[in-house]
Amino acid sequence: NTDVLYLATGDINYVAFNTIGAGRYYQFGMGILKSTDGGQTWDTTGLSFNLTDGESSLIRKIVVNPDSSNQILAAGIDSIYKSNDAGVSWAQVSTEMIIDLDVNPMNSNVMYASGFHNPSVSASKALIMKTTDFGATWTVLSTGIPSQSSVLRVETAIAPSDSNYIYAITC
């Protein structure tokens with residue numbers, strides 16, 4: 001349904017930079033908003049934050065299951081959240097810091113999440129995770145990418161010629 005849109009609020013690209021201290025009024029988000037009329041009006045969903053939640057409120061990516069539009073994943077600084085009721089309620093399904101989600105074009109239940117390491121956050125890791133059940137469970141893949149030293153960010157892409165091949169670039 002092209003009239004149903006989801007919007008992540010906040011500015012994740014400034015994570016770990018104190019833009020508020022530099023005079024910017026805010027960078028954090030309120031959660032995910034939803035429109036059912038093509039963007040004319042917006043309402044909050046069950047995934048909402050207060051500005052005092054800080055970086056935990058930053059959502060990077062939203063994915064709607066093309067085979068079941070009631071299933072939605074939202075990934076960001078604090079974790080991956082899943083909704084099975086079109087955004088009314090959400091459950092946290094991972095606590096990793098996620099920068100991206102890639103959906104397998106041949107099977108929407110298969111996805112890859114890539115994480116990043118922020119040296120000021122000891123629990124953060126550069127990693128790649130995989131799900132085969134549209135985000136209900138996640139497995140960290142053995143990639144050889146250092147999780148907490150020289151690599152800060154991992155981005156992935158699924159090869160369009162063969163979805164069994166995943167490419168990763170790190171910085």
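Leaving aside its neighbours within four places in sequence, which residues is Ala168 in contact with? Hold that thought for a minute while I set the scene.

What we have here is a predicted model, so local features need pLDDT of at least 70 and side-chain atom pairs count only at pLDDT 80 or more, while totals for chains, interfaces and linings use all residues. Residues are numbered from 1 along each chain as its sequence is written, and side-chain values use heavy atoms, with hydrogens and water left out.

Okay, the overview. The protein has 0 helices and 13 strands; helices here are DSSP runs of H or I with at least four residues, strands are runs of E with at least two, and the numbering starts at the N terminus. So reading from the N terminus, you just say β thirteen times over. There are 171 residues, and 43% of them count as buried. Buried means under 20% relative accessible area, exposed means over 50%, and partly exposed is in between, with a 1.4 Å probe and protein chains only. The protein exposes about 9000 Å², with carbon and sulfur atoms supplying 50% of that; the areas are Shrake-Rupley with a 1.4 Å probe, and for residues only the protein chains shown count as cover. As for contacts, meaning heavy atoms within 4.5 Å, take those between residues at least 6 apart in sequence: 43% of them join residues at least 24 apart.

Back to Ala168, then. Its partners beyond those four places are Ile128, Val154, Glu155 and Thr156. Ala168 itself sits in strand 13, residues 166–170. Thr156 is 12 residues away along the chain, yet the two C-alpha atoms are separated by 4.4 Å. Ala168 comes out as partly exposed because its relative accessible area is 45%.

Now the sheet. Strands 4, 5, 6 and 7 form an open sheet in the order 4-5-6-7, with antiparallel pairing. For pairing, DSSP has to find at least two bridges between two strands. Strand 4 (59–64) and strand 7 (91–94) are at the edges with a single partner strand each, so one side of each has no neighbour in the sheet. From one strand to the next, the twist averages 25°; that angle is between N-to-C directions of axes fitted to C-alpha atoms, for helices over the stretch in contact, and runs from 0 to 180 degrees. Inside the sheet, strand 5 (residues 72–76) and strand 6 (residues 80–83) run antiparallel and are joined by 4 bridges. If you want one pair to look at, Ala74 stands opposite Tyr81 in strand 6.

Further along, strand 9 (residues 111–115) pairs with strand 10 (residues 128–131), antiparallel, over 4 bridges. Strand 10 also pairs with strand 11 (residues 139–140), again in the antiparallel sense, over 2 bridges. Keep an eye on Met129: it is the bridge partner of Ala113, and it stands opposite Val140 in strand 11.

On to the inside. By nonpolar core I mean a set of buried Ala, Val, Leu, Ile, Met, Phe, Trp, Tyr and Cys residues joined through side-chain atoms within 4.5 Å. The largest one has 12 residues, including Val63, Leu73, Met111, Ala113, Met129, Phe134 and Trp138. Strand 5, strand 8 (98–103) and strand 9 are the elements giving two or more residues to this core. A second, separate core has 10 residues, among them Tyr6, Leu47, Ala74 and Trp90. In the largest core, Met111 touches Val63, Leu73, Met129, Phe134 and Trp138, among others, not counting residues up to four places away in sequence.

Phe134 is worth a stop. It is in the loop between strand 10 and strand 11, and it counts as buried because its relative accessible area is 0%. Its phi is near 45°, so positive in a residue other than glycine. Most residues other than glycine have a negative phi. Ala86 also has a positive phi, near 60°. Ala86 sits in the loop between strand 6 and strand 7 and, at 12% relative accessibility, counts as buried.

Last one: is Glu96, in relative accessibility, buried or exposed? Buried, because the value is 14%. Glu96 is in the loop between strand 7 and strand 8. Its side chain makes a polar contact of 3.4 Å with that of Lys125. Such a contact is a pair of N or O atoms within 3.5 Å; within protein, one must be able to donate a hydrogen and the other to accept it, and residues adjacent in sequence count only if both atoms are side-chain atoms.
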